[in-house]
Amino acid sequence: MNRGIAYYILGRFLQSLMVLWIIVTLLFLLFRLAPSNPLASYIDTTFTKEQEAALLARFGLDKPLGEQYIIYLLNLARFELGDTFSYSGKSVLDILSADLPNTIYLTLSSLLVAYAVGVLGGIAMAALRGSLFERVGTTFTLMTRAAPTFWVGMLLLSFFAFQWKLLPSAGIGPAVVRYRWETEWDKLMSPVFWRHMILPTFTLALYLHGLPLLLMRSNMLEVLDQDYVTMSRLAGYSEWRVMIHTAARNAMLPVLTALTLGIGYSIGGNVVIENVFSWPGLGRTLVRAVQQADYPLAQGAFFLIALIIVFMNFIADILYSLLDPRVGASAQAQVS
Amino acid sequence: MQQEAMVREGPPGKTTAQFRQGSALRQLWETNLEVFQRDKMALFGLCIFAVFALVALLAPLIAPNDPLTPLKNADGDWIKDALPYWLAEPGEDEAEGYTNEFFLGTTNIGRDIFSQLIHGSRSALLVGFSAAAAVAVIGTIVGLLAGYYGGWVDTVLMRAADVAFGIPFIPFIIVIAAFFDPSIWNVVLAMAVLLWRDTGRVIRSQVLVIKEQAFVSAARVSGASDLRIIFVYIAPSILPLSFLYGSFAIAWAILTEASVSFLGFSDPNTISWGFMLQDAFLSLALTRGAFYWIIPPGLCIMLTVMAGFFIGRGYEEVLFPRLRRM
């Protein structure tokens with residue numbers, strides 16, 4: 001690795017920290033300066049003034065705003081997210097660390113399916129340009145991008161879970177004690193868990209496959225015009241070899257960056273699907289926390305999702321500049 | 001969705017000829033005309049919007065019933081879960097004491113689904129167009145200022161765009177919804193605050209190219225002020241790009257509004273398609289296989305979103321002509 005790249009990475013890293021700091025500050029302002037007291041739902045009308053004051057003191061809400069802000073930043077830096085209001089005795093971190101793996105499994109499996117189908121589909125569409133297959137395929141992809149994911153999820157649920165009773169309808173496992181897995185490994189090894197993952201994964205993949213497919217298709221069409229592709233055709237390589245070895249390999253680069261960014265944005269976008277399938281992940285917890293006015297939990301969930309997105313944006317930037325130094329800083333603008 | 005427009009990136013065609021000063025507004029009009037003349041799908045998208053706009057305007061006249069009032073039959077019983085008349089067995093409903101006149105049946109508390117569908121077009125179009133306008137206007141102004149002035153203005157605005165890129169969109173709306181009263185305007189607000197980022201970046205890079213053109217220097221030499229150069233000389237040539245992003249933003253806004261309403265963060269007194277789907281979902285329409293309730297709102301969302309896509313693609317075809325040969 002040369003020096004220029006090291007400086008570039010360091011610069012990007014500092015910039016990401018800066019972005020994160022601004023987001024966290026906005027979050028603080030949003031939660032503290034809100035018209036309603038953050039404890040409003042927590043404080044009973046029967047509370048005496050003393051009880052109320054004691055409660056405010058317990059959550060540090062009696063201190064001046066500036067001091068609260070400093071404490072808040074220090075706590076976030078140490079990943080201390082406080083206690084929840086609605087789950088008694090549990091810390092925000094407890095809840096979120098139980099949710100995070102579920103969200104990650106769902107995100108990664110759906111992205112994997114989506115990008116495999118998308119890349120292969122994009123190659124096929126480019127190879128068969130102008131054919132009936134291409135027209136039907138692009139129309140289908142356009143429709144999957146226009147249909148609301150939660151609605152697609154509802155339709156799949158009503159057929160596969162309720163009409164034909166082939167797949168489970170909600171959650172990550174039956175609500176029986178023996179399906180409370182001891183470790184994440186046990187969960188991942190359990191066929192029951194994977195059966196529960198099929199429908200949400202498929203629903204998300206149906207939506208997510210559009211971007212890699214369209215990207216791959218247009219990159220392929222561009223690459224196929226290049227001289228080196230013509231050269232390898234003239235050199236007598238088979239059409240298959242030209243498509244896969246020469247063209248597809250070069251057309252893949254922007255798709256890989258899109259995938260890296262996709263991880264971050266999907267974690268933020270899974271919220272709706274997690275709620276359709278009662279998937280115990282970050283998004284479902286965020287929605288519940290907001291509904292129950294559990295501000296520490298909502299704030300923690302939002303912070304975690306933002307952290308993942310900023311981190312993945314950073315990784316995508318680095319990846320792009322390492323793979324293709326020509327593009328450098330404009331990488332993000334192309335795919336996000 | 002914002003990716004949709006970025007999938008085919010490249011410098012817009014029609015460079016110098018388009019940037020002749022003076023005739024800028026006429027050129028802009030011609031570009032818009034060209035989009036809908038050349039691209040039949042874009043025209044189709046426009047027609048979809050026109051039909052839905054008409055339905056939204058005339059909703060109280062077209063809708064047979066009030067969308068929120070549970071209906072009663074002659075005996076004073078609620079007409080719950082009535083099937084659409086074309087699905088019901090003849091005589092089945094009459095036996096229960098009312099004549100079935102419901103095109104799409106009723107909900108579990110006896111609201112008319114077809115009337116809800118008609119009224120739902122109002123929130124969809126209202127949110128879609130106002131959010132798109134906000135996104136396009138803010139993005140265009142940010143792009144123009146950042147690109148034209150450069151320096152610290154550019155740095156501040158583009159770092160702000162980085163921040164906007166780091167904020168998860170749907171979670172942000174949910175958090176906003178926690179602090180403000182439930183309303184469809186939350187979606188518009190959140191989109192205006194966050195989604196100018198794509199438009200802003202693309203327009204900025206376009207302005208960087210345009211401001212080097214001869215007619216801009218000519219204007220500067222002849223003593224035109226910065227603001228005049230930006231809004232009179234440069235803006236008309238990048239406006240088609242704003243329309244492109246605006247059309248995609250309509251689609252994005254309608255989808256987002258539906259998702260947020262589905263999650264239960266919309267005003268329960270405003271009917272929207274997302275709200276209808278939430279209502280169906282919570283009252284177990286899925287387990288009963290009540291497709292007459294589930295399918296129509298989703299189809300309406302899909303149609304309006306596709307209309308936005310079609311128009312956006314029409315602009316792409318005209319602005320990025322190299323794609324045409326593909």
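This report walks through a predicted model with chains A and B, from confidence scores down to one helix residue.

Residues are numbered from 1 along each chain as its sequence is written, and chains are lettered from A, with ligands numbered from 1, in the order in which they are written. Since we're dealing with a prediction, local features need pLDDT of at least 70 and side-chain atom pairs count only at pLDDT 80 or more, while totals for chains, interfaces and linings use all residues.

**Confidence**

For the complex, the predictor gives an ipTM of 0.85 and a pTM of 0.86. Per residue there's pLDDT, the predictor's confidence on a scale from 0 to 100. Chain A averages 83, with 89% of its residues scoring at least 70. Its weak patch is residues 327-336, where pLDDT is below 50; the model still gives this stretch 21 contacts beyond near neighbours in sequence. Chain B also has a mean of 83, and 87% of its residues reach 70 or more. Here residues 1-21 stay under 50, with 48 contacts beyond four places in sequence. A contact means that two C-beta atoms, placed from the backbone, lie within 7 Å. Where pLDDT is low, the predicted coordinates should not be read in detail.

**Chain A and its helices**

Chain A has 16 helices and 0 strands. These are DSSP runs numbered from the N terminus: H or I over at least four residues for helices, E over at least two for strands. Of the 336 residues of chain A, 40% are buried. Buried means 20 or more other C-beta atoms within 10 Å of the residue's own, exposed means 12 or fewer, and partly exposed is in between, with C-beta atoms placed from the backbone. Among contacts in chain A with a separation of 6 or more, 72% join residues 24 or more positions apart.

Two of the helices are set out below; the expected span is 1.5 Å times one less than the number of residues.

| Helix | Residues | End-to-end C-alpha distance | Expected span |
|---|---|---|---|
| α12(A) | 253-269 (17 residues) | 24 Å | 24 Å |
| α15(A) | 295-323 (29 residues) | 42 Å | 42 Å |

In α15(A), 23 of the 29 residues are buried, so the helix is mostly covered. With 13 of its 17 residues buried, α12(A) is largely enclosed by the rest of the structure. There's also a kink of about 35° in α12(A), centred on Gly262(A); the bend is the angle between axes fitted to the seven residues ending at a residue and the seven starting there.

Leu259(A) sits in this helix, α12 of chain A. It counts as buried because it has 25 C-beta neighbours inside 10 Å. Leaving out residues up to four places away in sequence, Leu259(A) touches Leu111(A) and Tyr115(A). Ile309(A) is 50 residues from Leu259(A) in sequence and 12 Å away in space, C-alpha to C-alpha.

**Between the chains**

At the interface, 45 residues of chain A are in contact with 38 residues of chain B. On the chain A side, helix α6 (residues 149-163) gives the most, with 8 residues. That side has 35 nonpolar, 10 polar and no charged residues. Nonpolar covers Ala, Val, Leu, Ile, Met, Phe, Trp, Tyr, Cys and Pro; charged covers Asp, Glu, Lys and Arg; the others, Gly among them, are polar.

**Domains of chain B**

The assignment splits chain B into domain 1 (27-64 + 115-325) and domain 2 (70-110), with bounds from an automatic or database domain assignment. Their centres, taken over C-alpha atoms, are 39 Å apart. Each of the two domains puts 6 residues into the contact. On the domain 1 side, helix α15 (residues 291-319) of chain B supplies the largest share, 3 residues. By class, that side divides into 4 nonpolar, 1 polar and 1 charged.
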